[in-house]
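Colleague: I am new to this structure and should be grateful for a close look at a single part of it. Please take one helix and describe it with care, and then turn to individual residues elsewhere.

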Amino acid sequence: MELGLVGLGKMGGNMRERIRRAGHTVVGYDRNPDLADVHSLEELVGKLKGPRVVWVMVPAGAATQSTVDELAQLLSPGDIVVDGGNSRWTDDEKHAEELAAKGIGFVDCGVSGGVWGLENGYALMYGGDAEHVAKVQPIFDALKPEGEFGSVHAGKVGAGHFAKMVHNGIEYAMMQAYAEGWELLEKVDSVTDVREVFRSWQEGTVIRSWLLDLAVNALDEDEHLDKLRGYASDSGEGRWTVEAAIDNAVPLPAITASLFARFASRQDDSPQMKMIAALRNQFGGHAVETKK
């Protein structure tokens with residue numbers, strides 16, 4: 001099938017390549033002309049045959065809203081917009097309603113896989129009407145990892161981004177646990193090779209995981225993370241997860257504590273946050289701050 005893809009950054013560019021490898025046609029637009037196949041959203045829409053599917057991979061908030069607004073004016077009844085960025089789930093209903101008024105369908109899709117997704121595939125969580133999801137299904141199938149699992153129609157509009165938000169909240173807590181354990185091991189005199197302790201956990205233990213593998217990668221590159229400043233940003237989804245927990249009276253002590261630990265990292269050069277920063281760089285290519 002044909003797909004319009006808006007936003008060709010670290011994830012969007014790799015997604016374009018993976019979809020093309022599956023035999024589909026992708027017309028990509030990005031504000032950076034060096035990355036784009038076309039020079040405007042209008043040109044992108046013009047190159048697609050109806051009914052069109054346009055996938056949006058731009059930052060949450062104003063950038064996504066302006067893109068949806070412009071597509072609402074360019075697309076035709078029967079077309080579909082997919083928001084694959086990290087939008088807040090509460091925005092999805094607004095976007096779906098805006099587009100439905102013009103006969104345009106909407107699907108929200110949480111995407112996980114970072115810079116490794118091109119080769120490994122992307123875990124996908126999508127929400128929307130079954131008829132709209134069905135029109136996008138060949139693209140979901142192209143992006144997902146090989147095998148039975150890796151994608152889910154999570155529910156109605158907003159469910160995809162809500163599921164991805166909770167996924168990221170869990171990710172916060174898991175990274176925090178590895179970081180705390182690493183700092184404690186580094187602190188005591190009796191443990192003389194912390195990196196190899198982490199490596200020993202990669203096989204046979206109940207805490208083995210891809211995040212653990214990435215922690216070992218980071219330690220191989222910088223054994224004591226001396227090159228990093230103990231500062232870690234948050235992308236917003238951790239905050240939204242905690243807010244949703246409050247709204248629904250669901251206790252999330254581990255996820256909430258991991259979010260607050262990141263806030264603490266902005267006040268002091270936290271050793272734990274060196275590991276968090278290193279892990280975020282490993283799986284998502286997120287920028288790290290080095291010591292001056």
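Modeller: The account below begins with one helix and then considers two residues in other helices. Please note that this is a predicted model.

Helix α6 comprises the 14 residues 130-143. At 1.5 Å a residue, α6 should span 20 Å, and its end C-alpha atoms lie 19 Å apart, so the two values agree. The helix nevertheless bends by about 55 degrees at V136, and a proline, P138, follows V136 within four residues. V136 is also one of the buried residues of α6, as are H132, V133, I139, F140, A142 and L143. In general, an α-helix has 3.6 residues a turn, so residues three or four places apart point the same way.

A second helix, α7, spans residues 159-187 and contains N168. N168 counts as buried because its relative accessible area is 6%, under the 20% cut-off. Its side chain makes polar contacts with the side chain of H167, at 2.8 Å, and with the side chain of E237, at 2.8 Å. Leaving aside neighbours within four places in sequence, N168 is in contact with E237 and S235.

Finally, T67 belongs to helix α3, residues 62-74. T67 is likewise buried, with a relative accessible area of 9%. The side chain of T67 reaches the backbone oxygen of A63 at 2.8 Å. Beyond residues up to four places away in sequence, T67 touches V6, L41, V56 and V58. Of these, V6 is 61 residues from T67 in sequence, yet the two C-alpha atoms are 8.5 Å apart in space.

Notes
Residues are numbered from 1 along each chain as its sequence is written. This is a predicted model: local features need pLDDT of at least 70, side-chain atom pairs count only at pLDDT 80 or more; totals for chains, interfaces and linings use all residues. Side-chain values use heavy atoms; hydrogens and water are left out. Helices (H or I, at least four residues) and strands (E, at least two) are DSSP runs, numbered from the N terminus. The expected span of a helix is 1.5 Å times one less than its number of residues. The bend at a residue is the angle between axes fitted to the seven residues ending there and the seven starting there. Buried means under 20% relative accessible area, exposed over 50%, partly exposed in between (1.4 Å probe, protein chains only). A polar contact is a pair of N or O atoms within 3.5 Å; within protein, one must be able to donate a hydrogen and the other to accept it, and residues adjacent in sequence count only if both atoms are side-chain atoms. Contact means heavy atoms within 4.5 Å.
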